[in-house]
Amino acid sequence: MSQAKFESVPLANLDEWEEDLLRRYPDPEAIATAKATGEYRNYESPARDTVKEFYRLNHTYQTWDFVQEKRKDFLKFDKKEMTVWDAFDFLNQLVDDSDPDTDLDQLQHLLQTSEAIRRDGHPDWMVLTGLMHDMGKVLCLFGEQQWAVVGDTFPVGCAYSDKIIYPEYFAANPDFTDDRFNTKLGVYQQNCGLRKVDMSWGHDEYVYHMLKDYLPEPGLYMLRYHSFYAWHREGAYDYLLDDHDREMLKWVKLFNPYDLYSKSPEPPDWKKLRPYYEDLVAKYLPATLKF
Ligand SMILES: [Fe+2]
Ligand SMILES: [Fe+2]
């Protein structure tokens, strides 16, 4: 398995985090269908230990200082330069080959997301956003720990909301007892806007910066905040938002079901789809992307 070389890897693969998201936020349509056919079970199965351990690490180590350090390093974009197509091949090294039958590779998740957006007739830049939204997971291939790549994101530099999954694990985070960071607003001003707020470090923030010159503003919000469940699903952090964030929230919410509920065991036919995506990528993105 490609991630075996890193220490502390509680998740067998990155998808375990997303499977747990589906448990927390089940597809309302699937529930409705299952209820109609009498097959619905609201199983309150305890989260798998691997997922809990993953969040324990994430909440313990995502400090203000950690985020500044990662931003300084990765936002230089001096690691690699690739065409989008080579970047997909690179990202696909993250496939969990211990279970090839059930796990789709990363490109397939991206294509299922973008194709579901396309089928519903949304603008082409949103289709491209779907295609690119998890590209930041290449961080794993640069040696980053799982808890610094995936997982729900949240603001750092101010008190953690109890709407974040497993809030009790923040007690072990040094910022939790640091007076600079543990008040409601911390280092921020009331309603300063999320653009002035530093989020926990991971694939969302990274891909946002990678693509920030190429997609329209709603697409950039989708990239940057797609794992900020405490905001877009739980309504937390209203005191940090400005009117622009409230306007953009609609788009983040529009995007989320395509990410969560487009998974199907049927792999997309990449050969057939490729010409469309070649045109789409050429329309918006430069010949190569910097990582
Ligand atoms: Fe993601
Ligand atoms: Fe995703």
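Helices here are DSSP runs of H or I with at least four residues, strands are runs of E with at least two, and both are numbered from the N terminus. This is a predicted model, in which local features need pLDDT of at least 70 and side-chain atom pairs count only at pLDDT 80 or more, while totals for chains, interfaces and linings use all residues. Residues are numbered from 1 along each chain as its sequence is written, and chains are lettered from A and ligands numbered from 1 in the order in which they are written.

Start with the whole chain in cartoon view. You will find twelve helices and two strands, running α-α-α-α-β-α-α-α-α-α-α-α-α-β from the N terminus. The radius of gyration, taken over C-alpha atoms, is 19 Å, close to the 19 Å from the globule rule (2.2 Å times the number of residues to the power 0.38), so the chain is as compact as a globular protein of 291 residues.

Next, select residues 49-61, which form helix α3. Its 13 residues reach 18 Å from first C-alpha to last, close to the 18 Å expected (1.5 Å times one less than the number of residues). Now show the side chains of Val-51, Phe-54, Tyr-55, Leu-57, Asn-58 and His-59: these are buried (20 or more other C-beta atoms within 10 Å of their own, with C-beta atoms placed from the backbone; exposed is 12 or fewer, partly exposed in between). What do the buried residues of α3 pack against? Select 15-24 to see their partner, α1.

Last, go to Ile-31 in helix α2, residues 28-36. Ile-31 counts as exposed because it has 12 C-beta neighbours inside 10 Å. Then add Lys-272: the two are 241 residues apart in sequence and 32 Å apart in space, C-alpha to C-alpha.

Methods
Contact = placed C-beta atoms within 7 Å.
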